[in-house]
Amino acid sequence: MTRLLARALTVTAFRLLAVGHLSLGLALWGLVSAPALAAESPKIVGAHLGLGDGYKVGFWAPLRVVVEGGDAPVGVTVLAITPDSDGVGVATTTPSARPFSTQPGVKSEERLYVRVGQQNAPIEVRIYADGRQIDRRVFPVTNGDFEKIKAGKELPLANSAIDRLFVQLGADVGAAFESDAEGYGAVGNAATLITNPDDLPPDAIGYDGVDAVVLTTGARALDASAGWLGQLTANDPRLSALVEWVRGGGRLVLSCGAASATMLAEGGPLAELLPGDYAGPSSIADTSAIERFADVSGAPDMGVINQGVGTLNLALVENPRGQVLAHAGRTATETPLVIRAPVGFGEVTFVAFDLDAPAIANWNGRDALVRQLLRLPFNPPDESRRYGDWRVWQQDLVNTLLAKLDDEFVGVRTTPFLAIVGLVVLYLLLIGPGDYFFVKNVLRRVEATWVTFPILVAATSAAAYFGAYWLKGDKLRVNQVEIIDIDTADGATRGRLITHLFSPTAKRYDVSLAPKTLTGESMTPTASGTAWLGKPSMGLGGMQSSSSNSQSGVAPNYQIDATPLVAGPLQGPTVAGMPVQVWSTKTLVSRYSGETGRVVESQLAPDGGGLVEGSVTNDTGIDLADCRLLYGTWAWKLGAMGDGETKSVDPGVSPLRITTLLGKASETNPYARNNRWTTIAAMGDALSVGSLTSSDGEAASRYLHDLDLANHLAAGKAILLAQIDDGPRTELVRAEGPLVELGENEETLPSQRSWVFVRFLLPIEKTGPDEE
């Protein structure tokens, strides 16, 4: 009977389709065929977001989607939909929308990278086969339901864009600390633990948003039954991704003692990250140097806590590079215990013992030790506690920079709020008592209001329309700031471009990044990418605002392709179909990395009094403006440097304190001290209007924290800051040409304005065995 009914429905469906009743025919056909299709189609059964379920809004994060195969092998493509900071749905897929094969009844994982713009927003995941959607699932976020998060049924709540996120690999060493501020909106410290190598991303972009990684190779991490680090090899893509992330600006704390012979010897998986030459295993019995480095007042000595433990296993390092922060021998090079050294644009803090060793793990001062390694204050100053509210978001330099870029649009004027209120009141007076007075006392025909009233409405509407175009203009306007970092040792280059555009019409934009060298030539980047940039604040466009989409997900509105971030250049737009409303702004952030041939040459050496002397030569092929040399806590104004010009750094000329050079930075301000100087220097003068810090000197750069190069100053390098005045370098383009078409009146009314800053890392010559 059932078989006859199905046959009858099928015949009826075909007849309805044949005579044109398309919707009814498709409905009947779906009724018959749906059970069979559902039985053989793969299904989405889970998802995991972040590194160890830790991630931040406004950054790329790995999303692992678990798909269970159907009755037959099927190639499927995964697509995720997340909201940007404006709540608009953004679709991202696996790189190049590559399909992966599912096997019958087998669960398999596919990894892609997404960018979440609102903290409590859910994520929708879809899978496609042959261009047809075969399953869809919305994953809500939860705050504390760890069982559902672990099972992949729900996603964890995101950390804010300015929180510190630490990832622990191998062992939990207590990297999670209380906030540095109190109250709603405090700057938090979050830490996640990864003990499964499958959770490590094979691409450097997977660590985007991570403030520091703590990698421990102690006994637990290498245990045959529970360990996993011993499974990794030197050419493992997961380790390669970690090294690439560090070289691009990441911070790594590497702790290796007992397993040093396996991990650090030549050919070992972590040998590339060692800031020195490995000389074999060693041990110490006196831990007083570690206690002094931790600097914990009132904490018992480690030996008192760990009576009878014996010696502490060490990795013996010769010829250390960078700063030796703690050592057990008579000199810094004899038995270094903690070494901090730049690696590319990032840094590695090497700890020559295991942070999970019993002698350390049982010690009351380990929290203080880990804080020192992560450069966190043990007792946050009272000054920072007043940041425990909305101001800690509002005063991030990104917010201030975007506000300044808004003000710098040429030909776009904003009507004051009181003027708008006045115009509304005038309009009401015109269509009300004004119209009545006119028809009664002038025309003396009250019924004429049937003609005068619509004329008034039409005239005021036309005046508002043309007045808005007079104020806002009818051309696309673009303001952009580019920060270029160049390591003069090997020519390694990284760039960050912030593009702030104003659209005169409601339009969709397809854009791609076109990186260029300092001389304006096209660059083939090793990695690049473009995405939306949100504000680490509350309110319109702020990533701390509540999502209006509840837990129902958002519809896909435009697409971002992450392929250039993981697999090199992309043929086609990186951002496709991005909508911008009429007279509205949108901000995009782009990054790229590559190499440059011509750099700044330097011959600099310490003068013995904490300063440097020597010379700097501009060999870039272009003119540099407003050059400033930074070393330690000092700065020299070198002025303009033409191509080929050499400037001397004379110790007889008194330098300025960096804080004095930057103006608003305060020694007592925890957010504007050494670790933010170079970032503030690059952004602070970005628009040639003085410092971008607020009127009372408070400023933070927590969102784009990876721009920080202060670790290179601490490690004994110098930084040359300069500005390029002769037009834009890297920019966003469309398929038909530049993003902005330049007109004849560009000199008087420019549609595109660009500020380009470059920071050169300069080596300092050694003058002694312990100086770097």
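A residue counts as buried when its relative accessible area is under 20%, as exposed when that area is over 50%, and as partly exposed in between. The structure discussed here is a predicted model.

**Cysteines**

C256 has a relative accessibility of 0% and is therefore buried, since this value is under 20%. C627 is likewise buried, at a relative accessible area of 1%. A disulfide is a covalent bond between the sulfur atoms of two cysteines. Searching the whole structure returns zero disulfides.

**Salt bridges**

Side chains of opposite charge can pair when their charged atoms come close. The model contains 24 salt bridges. Among them are the three pairs tabulated below, with the distance given between the closest N and O atoms for the pairs E124 with R136 and R330 with E334, and from N to O for D619 with R598.

| Pair | N to O distance | Relative accessible area |
|---|---|---|
| E124 and R136 | 2.8 Å | E124 2%, R136 43% |
| R330 and E334 | 3.8 Å | R330 77%, E334 37% |
| D619 and R598 | 3.2 Å | D619 29%, R598 40% |

The E124 and R136 pair links distant parts of the chain, 12 residues apart: E124 belongs to strand β7 (residues 123–129) and R136 to strand β8 (residues 132–139). E124 counts as buried because its relative accessibility of 2% is under 20%, whereas R136 is partly exposed at 43%.

In the pair formed by R330 and E334, R330 counts as exposed because its relative accessibility of 77% is over 50%. Its partner E334 is partly exposed, with 37%.

D619 lies in the loop between β28 and β29 (624–631), while R598 lies in the loop between β26 (584–595) and β27, so their salt bridge ties together parts that are 21 residues apart in sequence. Here D619 is partly exposed at 29%, and R598 is also partly exposed, at 40%.

Beyond these pairs, a network of salt bridges links R64, E109 and D199.

**The sheet β27-β28-β31**

Strands of a sheet pair through backbone hydrogen bonds, either parallel or antiparallel. In this model, an open sheet is formed by three strands in the order β27-β28-β31, with antiparallel pairing. Strands β27 (600–606) and β31 (646–649) are the edge strands, each pairing on one side only. From one strand to the next, the twist averages 5 degrees.

Strand β28 (residues 612–618) is joined to β31 by four bridges, and the two run antiparallel. Within this pairing, V616 has K647 in β31 as its bridge partner.

Definitions and conventions. Residues are numbered from 1 along each chain as its sequence is written. This is a predicted model: local features need pLDDT of at least 70, side-chain atom pairs count only at pLDDT 80 or more; totals for chains, interfaces and linings use all residues. Side-chain values use heavy atoms; hydrogens and water are left out. Two strands pair if DSSP finds at least two bridges between them. Axes are lines fitted to C-alpha atoms, for helices over the stretch in contact, and angles run from 0 to 180 degrees between N-to-C directions. A disulfide is a pair of cysteine sulfur atoms within 2.5 Å. Buried means under 20% relative accessible area, exposed over 50%, partly exposed in between (1.4 Å probe, protein chains only). A salt bridge is a side-chain nitrogen of Lys or Arg within 4 Å of a carboxyl oxygen of Asp or Glu.
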